[in-house]
Amino acid sequence: MRTRDTLMLSLAACALALVAVAEAATPRSLLAGYDSEARKTEPAFTGFDPRRGEALFRHEAKKSDGTTASCTGCHTADPKQAGRARVTGKEIAPLAPIANAERFTDPARAERWFQRNCNDVLARPCSAQEKGDFLTYLLSVQ
Amino acid sequence: MEKKRGLSFALLAASVLATGGLLAGGHQGDVGRGLPPVVHAQWQAECAACHEPYHPGLLPARSWLAVMAGLPQHFGQDASLDSATRQSIEGFLVTHAADRNASRRSERITASIPAGSAPLRISEAPYIVAKHAKIRADVFARPAIGSRANCAACHTTAARGYFDESGVRIPKNEASIARPANAGTAQ
């Protein structure tokens, strides 16, 4: 009897865990995450602005080796279009959620690429404000 | 007496056929002459994000270790990975590296690289340089190719680990041709 109860509880716990994992993130839920983080870390936070996000997307940074780094360098000036990796020319699926339903549905993946690409362009991590602005801009692209 | 000779002949014929079969068996079309097929989900997902997944058999283990140790500055870009993923991919690359597998191609790549050298680029391995020596530099600049890093642009069977000339199709110099979308995961 006891063993069966334990088994039923374990199964129920597993089912709940699976449900939690199965609910993938959405761009909006990621945005909510950046919002709460920004509220905690930035005292002057007043919300996200797609225009700041677009400015970040189009920002061109001069690197020490003379090259220019920018999001548009790989993602092109239009985030609805497919981009190309530098040097290798490998095609990159569009960045704007309206053109690519997979974008910003995996928090770990989004964080990994923010970490890498902000380092490439800004030589530092992006703040929650910047990530939120950036995603707000991408969500505004129709 | 007749029986013995018949038996000897049969044995001889059988051994000739068997030897022939053994010799031919290693050459199963193109697979026998290529690099061994390899699979690793994270290698495919992470490393094929920006370029084709370069077969580990194209560089020795010491080169892969150097590449994986320098991911934050990976040919001018930050390609950092979390520690667990990095270690997993590194282990995979080392296990199947050119100096760890017996394919002819890998052995020749390994033999051409001086012991103290660990090139980061496949295109810098002396064997690879020699193999491409007859191709003019401007060919690599063609729109459909772009650079020496784009193996699959000409090596149409690269994804199968087969690099023989029979699988090579060098794209023409036409600006209207879009670059091939190399195999890999969509982002």
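## Charged pairs and cysteines

R39(A) has a relative accessibility of 55%, so R39(A) counts as exposed. The model is predicted.

**Exercise 1.** Find which side chain meets R39(A) in a salt bridge, and place the pair in the chain.

*Solution.*
- Step 1. Start with the rule. Side chains of opposite charge can pair when their charged atoms come close.
- Step 2. Apply the cut-off: nitrogen and oxygen must lie within 4 Å.
- Step 3. D35(A) fits, with 2.6 Å from N to O.
- Step 4. Now place the pair. D35(A) and R39(A) both lie in helix α2 of chain A, residues 27-41. They are four residues apart, about one turn of the helix.

**Exercise 2.** Find the salt-bridge partner of R52(A), and decide whether each residue of the pair is buried, partly exposed or exposed.

*Solution.*
- Step 1. The partner is D133(A); the closest N and O atoms are 2.8 Å apart.
- Step 2. R52(A) is in helix α3 (residues 50-58) and D133(A) in helix α6 (residues 128-140), both of chain A, so the pair ties together parts 81 residues apart in sequence.
- Step 3. Recall the cut-offs: buried is under 20%, exposed is over 50%.
- Step 4. R52(A) has 39% relative accessible area, so R52(A) is partly exposed.
- Step 5. D133(A) has 3%, so D133(A) is buried.

**Exercise 3.** Do the same for E90(B) and R86(B).

*Solution.*
- Step 1. The two form a salt bridge, with the closest N and O atoms 2.8 Å apart.
- Step 2. Both lie in helix α4 of chain B (residues 83-95), four residues apart.
- Step 3. E90(B) has a relative accessible area of 17%, so E90(B) is buried.
- Step 4. R86(B) has 23%, so R86(B) is partly exposed.

**Exercise 4.** Name the cysteines that form a disulfide, and give its handedness.

*Solution.*
- Step 1. A disulfide is a covalent bond between the sulfur atoms of two cysteines.
- Step 2. The cut-off is 2.5 Å between sulfurs.
- Step 3. C118(A) and C126(A) pass, at 2.0 Å from S to S. The count over all chains is one disulfide.
- Step 4. The torsion about the S-S bond of C118(A) and C126(A) is about -95 degrees, so the disulfide is left-handed.
- Step 5. Check C50(B). Its nearest cysteine sulfur, that of C74(A), is 6.7 Å away, and C50(B) is in no disulfide.
- Step 6. Check C154(B). The sulfur of C151(B) is the nearest, 9.2 Å away, and C154(B) is in no disulfide.

Methods:
Residues numbered from 1 in each chain as written. Chains lettered and ligands numbered in written order. Predicted model: local features only at pLDDT ≥ 70, side-chain atom pairs only at ≥ 80, totals over all residues. Heavy atoms only, no water. Helix = DSSP H or I, 4+ residues; strand = E, 2+ residues; numbered from the N terminus. Buried < 20%, exposed > 50% of the residue type's maximum accessible area, 1.4 Å probe, protein only.
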